[in-house]
Amino acid sequence: MSPRRPNIVFVLSDDHAAHAIGTYGSVVNRTPHIDGVAGAGVRLDNLFATNSLCAPSRASILTGTYSHVNGVTTLDTFIDASQPTFVTALREAGYRTAFVGKWHMGQGSSGGVEHDPQGFDRWDALIDQGEYHDPRFLSPDGLRVERGYATELITDLAIDWVESLADEQPWCVLVWHKAPHRPWEPDAAHEGLYAEGGALGGAPIPVPPTFTDDLAGRSDTARRAAMRVADHLTAEDLKQPVPEGLSHDEEALWKYQRYMEDYLACVASVDDNVGRLTDWLRDRGELDDTIVIYSSDQGFFLGDHGWFDKRFMYEESIRMPFVLSYPRGIAPGQALDRIVTNVDIAPTLLEAAGVEVPARMQGRSFWPDLTDPVAGQSNRDREAEGFYYRYWMHDDRSHQVGAHYGYRTHRYTLIFFYNDGLGLPGCSDRRFAQEWELYDLEADPEELVNVADDPAYAQVRDELEARMWLAQKEVGDDPHPDQPVPRLVSAGNR
């Protein structure tokens, strides 16, 4: 008899930073149910987004390809939903499949290209960013409003679909939440949880050590970004007027507390619904035979460097939480530190299900590292690991982050701000001076000192420029026309 193929529950939230999860060392909140998934399986400590933006990351997760291949480079470049995904491969192999929640890669069609979900037996997608309260859902049956709170409703719809299945086929359901995306609207059950007088409130939420960073150690590109907690949170974000008589510094701290109170309350609802799913699977007797994943489409700044939002190739932005349990096949209590990316998730799930990985997928499965961690650890060279990153949505109207690409290893992050929208939708036509940044993550884990022009790091920079160039070529992307060929590449030394 062939072994039973695992069911898959893939919970994805939006903008949930790893450093707001207990198992990743959070000092600002508690997430017992997400932690429980990690404790029952594995926590990935170095899983990164290759383009830290909602729609592009989701497209890479589904297709196992980089943004320039799947076509979703910015928030205004919508997906061609007919392209192969891990879901279509699972369905062709006999899985029942469903999607519920935030799609955010376009809807309907444009230019003859369909953007609505494909490859699913059932799908229910929020419209665009979606609403927290009484959200609209689009399905093949049309548009409707569901009364209630989005996080609860998405979980309800996912459970209802699985319980409607009458056969013994394995199934995969994507439970993709809106929360905790801006504007951070908690439900009644969690509102005020972290506020003064709330069940987990009383003391101020800890402020990150870099909250007052003046960004003097970074590029002009970083200083142009419009995502300062002190200056760019809106009345809709804060939901109440700023108290009068505060100094600039006091006002910044007040805004941080308001922001984080609502953000963490939205996270608490997500965590409770992860618990609902695992309890439901346990009650059905299917927890041991189900791969349960919790992740987020990218990281998020939680006041780090004075910022909110993401986009930049900095640690808080690119690091994705990713925990996975599968009691039938993965030992509990693991932590994996190898570098993997969102492009690697699709082939990993297909290998777990025993399904052939389409040749188009660019990612590499890390499933063997989870099922045989000793072998996985011994069969790699840590110093050779690195990944290529590219943020395309240049000088967007919301946050004005410059376009850039880069390369990150375990120790270093190299970034080239080419600062050109290249005519892509969602980008401005303003161009700025090109800039380089280099950070030594061992000596400077908070990325406060840019050493790109430090003579002591000249050899390191040369090496990383060459590795970035070759990695970019390997995935089929093109360098900006103005970027010179790295010295080690032009010299023929690589």
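Which residue in S9 is the bridge partner of Phe-137? In the predicted model examined here, that partner is Arg-144. The pairing of strand S8 (residues 136-139) with S9 is antiparallel and comprises four bridges.

These strands belong to an open sheet of 10 strands with mixed pairing, in which the order is S9-S8-S7-S4-S10-S1-S11-S12-S2-S13. The sheet is bounded by two edge strands, S9 (142-145) and S13 (334-336), each of which pairs on one side only. On average, and with direction ignored, neighbouring strands of the sheet are turned by 15° against each other. Helix H1, formed by residues 32-40, packs on this sheet. The strands touched by H1 are S2 (42-44), S11 (290-296) and S12 (322-325), and the direction of the helix makes about 60° with that of S12. In general, the strands of a sheet pair through backbone hydrogen bonds, in either a parallel or an antiparallel sense.

A further site was examined in helix H9 (residues 248-284), which contains Ala-252. The relative accessible area of Ala-252 is 6%; the residue is therefore classed as buried, the cut-off being under 20%. When neighbours within four places in sequence are left aside, Ala-252 is in contact with Phe-211, Val-229 and Ala-230. Of these contacts, Phe-211 is separated from Ala-252 by 41 residues in sequence, while the C-alpha to C-alpha distance between Ala-252 and Phe-211 is 9.4 Å.

Note on methods. Residues numbered from 1 in each chain as written. Predicted model: local features only at pLDDT ≥ 70, side-chain atom pairs only at ≥ 80, totals over all residues. Heavy atoms only, no water. Pairing = 2+ DSSP bridges. Axes fitted to C-alpha atoms, helices over the stretch in contact; angles between N-to-C directions. Contact = heavy atoms within 4.5 Å. Buried < 20%, exposed > 50% of the residue type's maximum accessible area, 1.4 Å probe, protein only.
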